[in-house]
Amino acid sequence: VPVAFPPGAAVPSALAATELRDLAGKRGDRVIAVTGFGEAASDDPAAQSAAIALGLARARAIASVLGAAGVPATAMKLDAQASGRGGAARLLD
């Protein structure tokens with residue numbers, strides 16, 4: 001499930017939150033891989049550091065929505081990447 005965020009923000013859109021809750025309902029006993037992307041504008045170390053922080057904040061925000069929908073923390077695998085936009089959550093087999 002792609003997860004939309006406003007540029008530079010770590011709060012998912014309302015539509016994304018609904019889609020994450022739907023994903024949580026389909027999980028069964030599977031793990032959900034969560035990735036936040038940080039919108040890195042360059043490969044400068046300072047820009048990469050800021051972007052990874054944003055990516056991690058987005059991954060945590062996605063995990064928070066999933067947790068509120070009943071997914072235990074032990075059933076989530078979080079990752080953050082400096083480049084890319086928004087976030088993603090997917091079921092692992």
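Biologist: What is the handedness of the crossing of α1 and α2?
Modeller: In this predicted model, the crossing of α1 and α2 is right-handed. The axes of α1, residues 14–26, and α2, residues 45–68, come within 9 Å and cross at roughly 55°, an angle that is neither under 35 nor in the range 65 to 115 degrees, and the two helices are therefore oblique to each other.

Biologist: And which residues in α1 meet α2 there?
Modeller: From α1 the residues are A17, L20, R21 and A24, and they meet I62, V65 and L66 in α2. By class, this contact of α1 with α2 has six nonpolar residues, one charged residue and no polar ones.

Biologist: Switching to the sheet, what is the order of the strands?
Modeller: Four strands form an open sheet in the order β1-β4-β2-β3, with mixed pairing. β1 and β3 stand at the edges with a single partner strand each, so one side of each is left without a neighbour in the sheet.

Biologist: Do tell me about β2: how many bridges join it to β3?
Modeller: Six bridges join β2, residues 32–37, to β3, residues 76–81, and these strands run parallel; V34, for instance, has L78 as its bridge partner in β3. The chain passes from β2 through α2 to β3 in a right-handed β-α-β crossover. With β4, residues 87–91, β2 pairs in the antiparallel sense over five bridges, and the partner of G36 in β4 is G87.

Biologist: Which strands does α2 lie across, then?
Modeller: α2 lies across β1, β2, β3 and β4, running at about 155° to β3, whereas α1 lies across β1, β2 and β4, at about 15° to β4.

Note on methods:
Residues numbered from 1 in each chain as written. Predicted model: local features only at pLDDT ≥ 70, side-chain atom pairs only at ≥ 80, totals over all residues. Heavy atoms only, no water. Axes fitted to C-alpha atoms, helices over the stretch in contact; angles between N-to-C directions. Parallel < 35°, antiparallel > 145°, perpendicular 65-115°, else oblique. Left-handed = near helix turned anticlockwise from the far one by under 90°. Contact = heavy atoms within 4.5 Å. Nonpolar A, V, L, I, M, F, W, Y, C, P; charged D, E, K, R; others polar. Pairing = 2+ DSSP bridges. Right-handed = clockwise from strand over helix to strand, strands pointing away.
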